[in-house]
Amino acid sequence: MKTVTIAPVRKTLTVKAAPARAFEVFTSGMSRWWPPTHSILKSPFKEAVIEPRAGGRWYHVGEDGSTCETGLVRVWDPPGRLVLVWQLGPDWEYDKDLDTEVELKFIPEGDGTRVEFEHRHIERMGEGAEKARAAVDAPGGWTAILEEFRKSVEGA
């Protein structure tokens with residue numbers, strides 16, 4: 001059986017803040033910038049949570065207190081690096097056995113931070129992986145999400 005590899009989704013952006021601030025806004029400040037439309041909650045979106053440690057949970061909380069898992073924290077290395085396990089399949093349902101990765105590197109650059117983003121191992125989603133990759137790489141996917149993050153970091 002042939003294994004198909006799907007190209008990772010890569011994005012780079014520069015934010016006008018130190019790496020420690022960018023890391024903090026991405027992690028503990030995610031509720032301020034994560035688009036409420038990008039959640040699989042049944043209830044309206046209230047907050048996004050990344051537990052600050054390797055092995056921590058990454059999940060959303062609804063206004064009614066319900067939660068839905070997004071994944072886990074694989075690497076917690078502030079302020080330079082964060083690796084999350086993304087466990088949403090191509091049908092946008094949580095799959096505890098799925099293991100794709102979202103890695104962010106926060107690199108000092110001049111007065112700000114260059115954020116290098118990569119969502120990889122998308123082929124592990126199996127059938128529907130190419131469609132899922134197209135969706136997360138579309139203008140309304142990671143590009144829009146990371147733009148909201150940038151605006152939050154910069155106080156726009």
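F23, F26, W33, W34, W58, W76, W86, F106, F117, W142 and F149 form one aromatic cluster. The model is predicted: local features need pLDDT of at least 70, side-chain atom pairs count only at pLDDT 80 or more, and totals for chains, interfaces and linings use all residues. Residues are numbered from 1 along each chain as its sequence is written, and side-chain values use heavy atoms, without hydrogens and water.

Rings of Phe, Tyr and Trp (its six-membered ring) pair if their centres lie within 6.5 Å; planes under 30 degrees apart are stacked, over 60 edge-to-face, the rest tilted. The count is twelve aromatic pairs. One of them is tilted: F117 and W142, 4.6 Å centre to centre with 50° between the planes. This pair links distant parts of the chain, 25 residues apart. Both residues are buried (under 20% relative accessible area, 1.4 Å probe, protein chains only).

| Residue | Element (DSSP run; helix H or I, at least four residues; strand E, at least two; numbered from the N terminus) |
|---|---|
| F117 | strand β7 (residues 112-120) |
| W142 | helix α4 (residues 139-153) |

Strand β7 also meets β1. Seven bridges join the two strands, which run antiparallel; strands pair if DSSP finds at least two bridges between them. V15 stands opposite T113 in β7. Along β1 (residues 9-15) the side chains alternate. V9, K11, L13 and V15 point to one face and are buried. R10, T12 and T14 point to the other and are not.

R57 lies over the face of Y59, at 3.9 Å from the ring centre. The rule asks for CZ of Arg or NZ of Lys within 6 Å of the ring centre and within 35 degrees of the ring normal.

Notes:
Buried means under 20% relative accessible area, exposed over 50%, partly exposed in between (1.4 Å probe, protein chains only).
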